[in-house]
Amino acid sequence: MLARLDAIDWKILAELQQDGRITNVELARRVGISAPPCLRRVRALEEAGYIRGYRALLDEKRLGYEVTVFALVHLSSQAEQDLAAFEAFVREQPLVRECWMLSGEVDFILKCVAPDLKTFQAFVTELTGGPYVRNVKTSLTLRVSKDAPIVPMERTKVPAE
């Protein structure tokens with residue numbers, strides 16, 4: 001699938017990842033093509049699923065979400081319908097920002113934000129009563145050392161022009 005992308009596509013993806021608000025004219029200038037083919041390429045990348053969407057990255061602390069916690073969830077069953085029931089439950093929880101299914105001892109890791117510990121503790125009570133939840137272990141974050149919500153383009157092999 002990566003072979004279908006040429007050097008211009010890779011440049012477009014890198015530029016959009018750095019600035020999703022860039023105008024098409026500026027994007028075209030930066031990648032070295034004119035605006036109409038640049039727009040066609042962006043639309044093709046969107047339709048092919050390389051670009052999943054555009055959003056603003058907000059500062060949760062400034063918006064009142066002072067607490068970030070990771071919750072490790074172990075389920076009592078790993079049957080597909082039970083996993084699906086748990087995932088449906090989690091999708092409805094606004095404090096859960098990310099949910100990853102893992103291999104190994106823990107079934108899921110959840111990244112959660114809350115305005116305060118009391119709110120998070122109430123959520124943990126609800127989570128432990130969730131479908132097929134055997135136990136939950138939580139770790140309160142102290143600080144973030146790296147937050148790079150982008151694909152590492154510099155490590156991706158870009159074809160020569």
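Student: What pattern does the protein chain follow, read along the sequence?
Tutor: Happy to start there, with the caveat that this is a predicted model, where local features need pLDDT of at least 70, side-chain atom pairs count only at pLDDT 80 or more, and totals for chains, interfaces and linings use all residues. Residues are numbered from 1 along each chain as its sequence is written, and side-chain values use heavy atoms, with hydrogens and water left out. The protein chain holds 5 helices and 4 strands, where helices (H or I, at least four residues) and strands (E, at least two) are DSSP runs numbered from the N terminus. Read in order, the pattern is α-α-α-β-α-β-β-α-β.

Student: What radius of gyration does the protein chain have?
Tutor: The C-alpha atoms fill a box of roughly 55 × 40 × 25 Å along the principal axes. The radius of gyration is taken over C-alpha atoms, and the globule rule is 2.2 Å times the number of residues to the power 0.38. A compact globule of 161 residues would come out near 15 Å, but the protein chain has 20 Å.

Student: Which share of contacts between residues at least 6 apart in sequence joins residues at least 24 apart?
Tutor: Contact here means heavy atoms within 4.5 Å. Among the contacts in the protein chain that pass the filter of at least 6 apart, the share joining residues at least 24 apart is 64%.

Student: How many salt bridges are there?
Tutor: Side chains of opposite charge can pair when their charged atoms come close. The rule used here asks for a side-chain nitrogen of Lys or Arg within 4 Å of a carboxyl oxygen of Asp or Glu. By this rule the count is 5.

Student: Which residue forms a salt bridge with Asp-9?
Tutor: In this pair the closest N and O atoms are 2.9 Å apart. The salt bridge links distant parts of the chain, with Asp-9 in helix α1 (residues 7-18) and its partner 32 residues away in helix α3 (residues 35-47). The partner of Asp-9 is Arg-41.

Student: Is Asp-9 buried or exposed?
Tutor: Buried means under 20% relative accessible area, exposed over 50%, and partly exposed in between (1.4 Å probe, protein chains only). Arg-41, at 25%, is partly exposed. Asp-9 has a relative accessible area of 9%, so Asp-9 is buried.

Student: Where is the residue that forms a salt bridge with Glu-15?
Tutor: Glu-15 pairs with Arg-30, and the closest N and O atoms are 3.0 Å apart. The two are 15 residues apart and link distant parts of the chain, with Glu-15 in helix α1 and Arg-30 in helix α2 (residues 24-31). Glu-15 is partly exposed at 22%, and Arg-30 is also partly exposed at 39%. The place of Arg-30 is helix α2.

Student: Why are Glu-26 and Arg-30 separated by about one helical turn?
Tutor: These two residues form a salt bridge with the closest N and O atoms 2.9 Å apart. Glu-26 is partly exposed, with a relative accessible area of 23%. The separation is about one helical turn because Glu-26 and Arg-30 are 4 residues apart in helix α2.

Student: Which residues do salt bridges that share partners join into one network?
Tutor: Arg-30 forms a salt bridge with Glu-15, and Glu-26 forms one with Arg-30. Through shared partners, the network joins Glu-15, Glu-26, Arg-29 and Arg-30.

Student: What is the nearest side chain of opposite charge to Asp-82?
Tutor: Asp-82 is found in helix α4 (residues 80-91). Lys and Arg count as positive and Asp and Glu as negative, while His and the chain ends are not counted. Asp-82 is buried yet has no salt bridge, and the nearest side chain of opposite charge, 10 Å away, is Arg-134.

Student: What is the phi of Tyr-132?
Tutor: Asp-82 touches Ser-77 and Tyr-132, not counting residues up to four places away in sequence. Tyr-132 is in the loop between α5 (117-128) and β4 (133-140), and is partly exposed at 37%. Most residues other than glycine have a negative phi. In Tyr-132 phi is positive, near 65°.

Student: Which residues does Ile-22 touch, not counting residues up to four places away in sequence?
Tutor: Ile-22 is in the loop between α1 and α2, and at 12% relative accessibility counts as buried. With that sequence filter, Ile-22 touches Leu-16, Leu-27 and Arg-30.
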